[in-house]
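Colleague: I should be grateful for a close look at one part of a structure that I am studying, followed by an account of its surroundings. Please keep the explanation suitable for a first-year student.

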Amino acid sequence: MAVGTVSTGVLRLVQLTVPTGSREAILDTLDDRGIDYVVTDEESGREYTAVVYFPLPGPAVEPVLDELRDQGVEEDAYTVVVEAETVVSRRFEELQKEYEGGGVEADRISRQELQAEARDLTPTLDVYVTLTVVSAIVATAGLLLDSPAIVVGSMVIAPLIGPALGASVGSVLNDEGLFHKSLKYQAIGVVVAILAAAVFAWLARVTNVVPPGLDLMAVDEISERLAPDLLALAVALGAGVAGIVSISTGIGVALVGVMIAAALIPPAAAAGIAIAWGEPMAAIGSTALVFVNVLSVNLAGLVTLWYAGYRPERLWDFGPTEKRVRRRVLGLVGIVAAFTALLGAFTYYSYVAATFEEDAREEVEDALEDDAYAEYELIELSVVMDQDFPFREPERVVVSVGGPPGEVDPELAAEIRARIDGHADEGVEVQIRYVTLVEEGAADDGR
């Protein structure tokens, strides 16, 4: 190899066994492309005559291997692609300029490497189930403790990135074995996570590890996942796109795995907690969130892979694969749209509840601005929601009013009730609590 310019970047060293009768054609192909190589004779007595070693820029691996396969390199031949740190060669610099001209395809790894990477990211089933159970238990503990730090820790453990992205890789590269394995793992992961969370939460409840009578909606980390909104969809879609970009470029795969886990593990844990608390209807929202996130990750990954230029290895597989990918994309879009409509309903009810509370507060403040009630002031207003999961509505409004010693003015109480009722679709109970306000130093006889 000629000594000259030091080349760095995305570099690969390819080791290729040469089948009998293909040596001349393969070496001619490498010479025509200006690729430096080293040839060693193969003495194992098998159907291979030599082993060729040659460096390539990352973007050149796929087209060069495809062309060599056309020259007689069969699928059962040994082809090893490893990462190289540096290549010192004058000719290699020209090769880099040819293949690293910019664009999406210039930054991605080869089809062969992507397929191997997707398989490597998926552990054995026993390891996958074990880590999923541990992750779900840690997430459940974090939710019950209302601890974001512990919830984040559970995401680091979860082994979800491989199956989440493997289905997309298998679809685009016509690897049905990888596709079906990834689907199986994803289904097992969701079921195992919810069951593990439910069992752990039930044990925590019956052993009084958590306070008896714990109100799930009073725990922020739980309530936000029992009543998800449309913004959760953006997290899943972003995780899918980021996952494919990371795996296809080799950048930050572990960190993106945490993001994918963030879209799946905490909602699954919340669903398990709701089941353990005997609130199966409360689990609908978080379970829907789990499924919409799983499907959205797959959809985003599939579209991103196709946009990045990944296609099946054989030309005659392109048409059938394109049709299959299109059907799966359309199917995923339809299912995600249905779940999105459900999340939209959750969002709408949350918006209605928030708007009602804001309107009720404004009405009470407006009522107290009347000169007749100048001595009164609003201390606190809270809205209590009903327990009709997953579509909860305002059930009771508690208004704390401060004023001079004595009872609250009955006309003020009636006006407050009337104003609040005007913003409720159905009758809402209004409780008015009166707090006596006294000047500093005076006795406090508030009720």
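Which residues line the second largest cavity?

Modeller: The model is a predicted one. The second largest cavity is lined by L16, L65, L68, R69, V73 and T79. Its space amounts to about 30 Å³. Helix α2, which spans residues 61–70, provides the largest share of this lining, with 3 residues. Sorted by class, the lining comprises 4 nonpolar residues, 1 polar residue and 1 charged residue.

A general remark may help before the other spaces are described. Rolling a probe the size of a water molecule over the atoms shows where empty space is left. In this structure, 2 cavities of 30 Å³ or more are found. The largest cavity holds about 110 Å³ of space. Its lining consists of 13 residues, and Y128, L160, Q186, V190 and L264 are those nearest the centre. Four helices each supply at least two residues of that lining: α8 (161–172), α9 (176–206), α12 (253–276) and α13 (283–307). Helix α9 gives the most, namely 4 residues. By class, the lining of the largest cavity has 11 nonpolar and 2 polar residues, and no charged ones. The lining of the second largest cavity, by contrast, includes 1 charged residue.

A pocket may be set beside these cavities. The second largest pocket contains about 370 Å³ of space. It is lined by 21 residues, among which V352, E393, P394, D425 and E426 lie nearest its centre. Both α14 and the strand β8 (394–403) supply at least two residues of this lining. The largest share, 8 residues, is that of α14. The classes here are 10 nonpolar, 3 polar and 8 charged residues.

Helix α14 also takes part in the aromatic contacts. A pair of aromatic rings is described by the distance of the centres and the angle of the planes. The search of the whole structure yields 5 aromatic pairs. One of them is the stacked pair of F291 and F339, with 6.2 Å from centre to centre and 15 degrees between the planes. This pair joins distant parts of the chain, since F291 belongs to helix α13 and F339 to helix α14 (residues 318–368), 48 residues apart. F291 has a relative accessibility of 38% and therefore counts as partly exposed. F339 is likewise partly exposed, because its relative accessible area is 23%, and the buried class requires a value under 20%.

Y348 and Y349 form another aromatic pair, which is edge-to-face: the centres are 5.8 Å apart and the planes stand at 90 degrees. Y349 has a relative accessible area of 28%, so this residue is partly exposed. Elsewhere, ring pairs connect Y373, Y376 and Y434 into a cluster. A ring may also meet a charged side chain: R328 lies over the face of F179, at 3.7 Å from the ring centre.

The backbone deserves attention as well. Most residues other than glycine have a negative phi, and most peptide bonds are trans. N174 has a positive phi, near 60 degrees, although this residue is not a glycine. Its place is the loop between α8 and α9. With a relative accessible area of 27%, N174 is partly exposed. N208 also has a positive phi, of about 60 degrees, and is not a glycine either. This residue lies in the loop between α9 and α10 (220–226). N208 counts as exposed because its relative accessibility is 52%, and the exposed class begins over 50%.

Helix α11 completes the account. This helix covers residues 231–249 and has 19 residues. From its first C-alpha to its last it reaches 27 Å, close to the 27 Å expected at 1.5 Å a residue. The buried residues of α11 are A232, L233, A236, A239, G240, G243, I244, S246, I247 and S248.

To return to the part you asked about, the six residues named at the outset enclose a space of about 30 Å³. Among them, R69 is one of the residues lining the second largest cavity, and the lining has 1 charged residue.

Methods
Residues numbered from 1 in each chain as written. Predicted model: local features only at pLDDT ≥ 70, side-chain atom pairs only at ≥ 80, totals over all residues. Heavy atoms only, no water. 1 Å grid on protein atoms, 1.4 Å probe; cavity = no way out; pocket = protein on both sides within 12 Å on 5 of 7 lines; lining within 4 Å. Points joined across faces, edges and corners; volume = space filled by probe spheres on them. Nonpolar A, V, L, I, M, F, W, Y, C, P; charged D, E, K, R; others polar. Phe/Tyr/Trp six-rings, centres within 6.5 Å; stacked < 30°, edge-to-face > 60°. Buried < 20%, exposed > 50% of the residue type's maximum accessible area, 1.4 Å probe, protein only. Lys NZ or Arg CZ within 6 Å of the ring centre and 35° of its normal. Expected span 1.5 Å × (residues − 1).
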